[in-house]
Amino acid sequence: QVQVVESGGGLVQAGGSLRLSCAAYGSGISINTMYWYRQTPGKQRESAASITTGGSTNYADSVNGRFTISRDNAKNTVYLQMNSLKPEDTAVYYCKVEYYSRSSNYVAARWGQGTQVTVSS
């Protein structure tokens, strides 16, 4: 069983910064691509950033240049450094982890529980 645990959300003023963390726990697994998504009420969940095992990154246009995704493969942890935050960045941020189960020989994904980020104007 794989568990994904997020932390680091909170309330910040516009122009401020926050750092989100997401750790994946499980035995017999290899972590593949890791993602950060975000969702506001009434809207679909959207991808904000992703990072492969090798460190290749991808960003949504709305966060490019302000957010930085990184990972520590030894800790199965992904981070999202968010700078120059805007009120429109307010959302629940979710981590998604793709993994390979060596014992069962399949690829699957697991979501975290979400963490609230609120940016005040």
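This passage describes the strands, core, ring contacts and loops of a predicted model.

An open sheet of 4 strands has the order β1-β3-β8-β7. The pairing in this sheet is antiparallel. Its edge strands are β1 (3-7) and β7, each of which pairs on one side only. From one strand to the next, the twist averages 15°. Within the sheet, β7 and β8 run antiparallel and are joined by 6 bridges. Phe67 stands opposite Met82 of β8.

Strand β9 pairs with β4, β10 and β11. With β4, the pairing is antiparallel and comprises 9 bridges. Gln39 has Val92 in β9 as its bridge partner. With β10, the strands again run antiparallel, joined by 6 bridges. Here Val97 stands opposite Arg110 of β10. With β11, the antiparallel pairing extends over 3 bridges. Tyr93 stands opposite Thr115 in β11. Of the 11 residues of β9, 8 are buried, so this strand is largely enclosed by the rest of the structure.

The largest nonpolar core contains 28 residues. Those that touch the most other members are Trp36, Val78, Leu80, Met82, Tyr93 and Val97. At least two core residues come from each of β3 (18-25), β4 (29-39), β5 (46-51), β7 (67-72), β8 (77-82), β9 (91-101) and β11 (115-120). Strand β9 supplies the largest share, 5 residues. Tyr93 and Val97 thus appear twice in this account: each touches many core members as part of the group with the most such contacts, while Tyr93 faces Thr115 and Val97 faces Arg110.

Leu80 illustrates the contacts made by a core residue. Neighbours within four places in sequence are left aside here. Leu80 is then in contact with Leu18, Arg19 and Leu20, among others. Its further contacts include Trp36, Ala49, Phe67, Thr68, Ile69 and Tyr93. Of these partners, Trp36 and Tyr93 are also listed with Leu80 among the core residues that touch the most other members.

A second contact set surrounds Ser50, a residue of strand β5. Ser50 is buried because its relative accessible area is 13%, under the 20% cut-off. Leaving aside neighbours within four places in sequence, Ser50 is in contact with Thr33, Met34 and Tyr35, as well as Ser56, Thr57, Asn58 and Ile69. Ile69 also appears in the contact list of Leu80.

The structure holds 3 aromatic pairs. Tyr35 and Tyr37 form a tilted pair. Their ring centres lie 6.0 Å apart, with 45° between the planes. Tyr35 is buried, with a relative accessible area of 15%. Tyr37 also counts as buried, at 15% relative accessibility. The rings of Tyr37 and Trp111 have centres 4.9 Å apart. Their planes stand at 65°, so this pair is edge-to-face; the cut-off for that class is over 60 degrees. The pair links distant parts of the chain, with Tyr37 in strand β4 and Trp111 in strand β10, 74 residues apart. Trp111 is partly exposed, at 34% relative accessibility.

Ring pairs link Tyr35, Tyr37, Tyr94 and Trp111 into a cluster. Arg45 lies over the faces of two rings in this group. It sits 3.6 Å from the ring centre of Tyr94. For Trp111, the distance from Arg45 to the ring centre is 4.6 Å.

Two loop residues have unusual backbone angles. Most residues other than glycine have a negative phi. Ser84 has a positive phi near 50°. This residue is found in the loop between β8 and β9. Ser84 is partly exposed, with a relative accessible area of 41%. Asn105 has a positive phi of about 60° and is likewise not a glycine. It is found in the loop between β9 and β10 (106-111). In the hairpin formed by these strands, 4 residues lie between them. Asn105 counts as exposed because its relative accessibility is 56%, over the 50% cut-off.

Notes
Residues are numbered from 1 along each chain as its sequence is written. This is a predicted model: local features need pLDDT of at least 70, side-chain atom pairs count only at pLDDT 80 or more; totals for chains, interfaces and linings use all residues. Side-chain values use heavy atoms; hydrogens and water are left out. A nonpolar core is a set of buried Ala, Val, Leu, Ile, Met, Phe, Trp, Tyr and Cys residues joined through side-chain atoms within 4.5 Å. Buried means under 20% relative accessible area, exposed over 50%, partly exposed in between (1.4 Å probe, protein chains only). Contact means heavy atoms within 4.5 Å. Rings of Phe, Tyr and Trp (its six-membered ring) pair if their centres lie within 6.5 Å; planes under 30 degrees apart count as stacked, over 60 as edge-to-face and the rest as tilted. A charge sits over a ring if NZ of Lys or CZ of Arg is within 6 Å of the ring centre and within 35 degrees of the ring normal. Two strands pair if DSSP finds at least two bridges between them. Axes are lines fitted to C-alpha atoms, for helices over the stretch in contact, and angles run from 0 to 180 degrees between N-to-C directions.
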